[in-house]
Amino acid sequence: MMTAQRREELKKYMLEHKSASVLDMARRFQVSGQTIRRDFEALEKEGFLQRSYGGAMVKDRKTAFVPNTVKSELFVDEKKVICRRAAEQICPNDCIFIDHSTTALALCDEIRQMPLTVVTNSYRVIGQLADCFNIQLVSTGGTYHGGIEGFSGLETVRYLQQHCVDKAFLSCRAIDPLRGVNDAYETIANVRQTVVENADSVYLLADHTKFGKSGFITVCGLDQLDYVITDRPLDREWRKLFAENKVKVLDGSNE
């Protein structure tokens with residue numbers, strides 16, 4: 001395995017497990033401990049992780065950015081669970097919004113046979129649904145960003161301000177019990193904020209790792225959501241919090 005490929009695989013492992021030891025990674029990739037230490041050093045210089053004695057841990061910064069190409073390889077099964085539940089909420093001939101997140105992207109596989117109007121800021125959603133003649137596919141346009149494989153910026157927001165949808169399916173950077181739904185960057189948050197304001201129903205798609213964390217900017221309060229769809233049963237405190245905000249929870253406990 002080439003150095004660049006191994007370091008990308010290391011990133012994926014670290015994003016899922018949050019920390020790793022030199023010994024475990026040396027065994028995993030069948031290289032020397034010194035090689036893994038050099039990898040950790042290089043990723044630390046990128047600002048991706050912080051080395052510790054015998055290993056390293058991910059830096060959980062408010063504005064940490066992970067490209068969609070990396071995120072798409074993480075929590076694949078969990079995303080499928082979430083999107084199967086989401087698809088159950090969609091009716092024929094609905095007009096829906098699907099955002100650029102890798103979680104929402106998995107929804108495409110579930111809706112290919114349905115007659116729908118799909119509005120999206122995601123380049124990959126467009127690619128996934130382009131051959132579905134039963135779907136009227138609408139792109140927001142705007143400034144394309146390769147890292148998110150989608151469109152954002154003033155033009156995207158202006159388009160979304162002028163259009164309403166029946167149901168919006170969004171993900172996020174994190175969900176904070178006090179600050180609500182959070183994102184890492186303002187341009188991304190602006191897109192999602194606009195969609196929330198112009199959707200009849202808002203569905204937040206979030207795997208279990210996003211709860212109890214915070215990001216740089218607030219997208220919306222919990223009371224602006226209609227549904228939260230996740231892959232595992234939420235604990236009592238989260239369920240109580242969502243109930244107080246009149247948000248319906250669809251998770252692993254009610255499949």
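Which residue of β13 does N182 stand opposite? The legends below take up this pairing and its surroundings in a predicted model.

**View 1. The pairing of β11 with strand β13 (residues 217-220).** N182 stands opposite T218, which lies in β13. The two strands, β11 and β13, are paired in the antiparallel sense, and three bridges connect them.

**View 2. The hairpin of β10 and β11.** Strand β10 covers residues 174-176 and strand β11 covers residues 180-183, and the two run antiparallel with three bridges joining them. Three residues lie between β10 and β11 in this hairpin. The bridge partner of A174 is N182 in β11, and N182 also stands opposite T218 in β13, so that N182 can be followed from this view back to the one before.

**View 3. Strand β9 (residues 165-170) and its surroundings.** Of the six residues of β9, five are buried, and the strand is therefore largely enclosed by the rest of the structure. For this reading, a residue is taken as buried when its relative accessible area is under 20%.

**View 4. The pairing of strand β4 (residues 95-98) with β9.** β4 and β9 pair in the parallel sense, with three bridges between them. I98 has F169 as its bridge partner in β9.

**View 5. The pairing of β9 with strand β12 (residues 199-205).** Five bridges link β9 to β12, and this pairing is in the parallel sense. L170 stands opposite L204, a residue of β12. β9 thus takes part in a pairing with β4 as well as in the pairing with β12.

**View 6. The whole chain, as a setting for the close-up views.** The chain contains eleven helices and 15 strands. Its radius of gyration is 19 Å, close to the 18 Å that the globule rule gives for 255 residues, and the chain is therefore as compact as a globular protein of that length. The C-alpha trace of the chain spans about 55 × 40 × 35 Å along its principal axes. Of its 255 residues, 52% count as buried, and among contacts between residues at least 6 apart in sequence, 57% join residues at least 24 apart.

**View 7. The surface and charged side chains of the chain.** The chain exposes about 12,600 Å², of which carbon and sulfur atoms supply 47%. There are 34 positive and 35 negative side chains in the chain, and the centres of these two sets lie 6 Å apart.

Terms used. Residues numbered from 1 in each chain as written. Predicted model: local features only at pLDDT ≥ 70, side-chain atom pairs only at ≥ 80, totals over all residues. Heavy atoms only, no water. Helix = DSSP H or I, 4+ residues; strand = E, 2+ residues; numbered from the N terminus. Rg over C-alpha atoms; globule rule 2.2 N^0.38 Å. Buried < 20%, exposed > 50% of the residue type's maximum accessible area, 1.4 Å probe, protein only. Contact = heavy atoms within 4.5 Å. Areas by Shrake-Rupley, 256 points an atom, 1.4 Å probe, with all protein chains shown as cover. Lys, Arg positive; Asp, Glu negative; His and termini not counted. Charge placed at Lys NZ, Arg CZ, Asp CG, Glu CD. Pairing = 2+ DSSP bridges.
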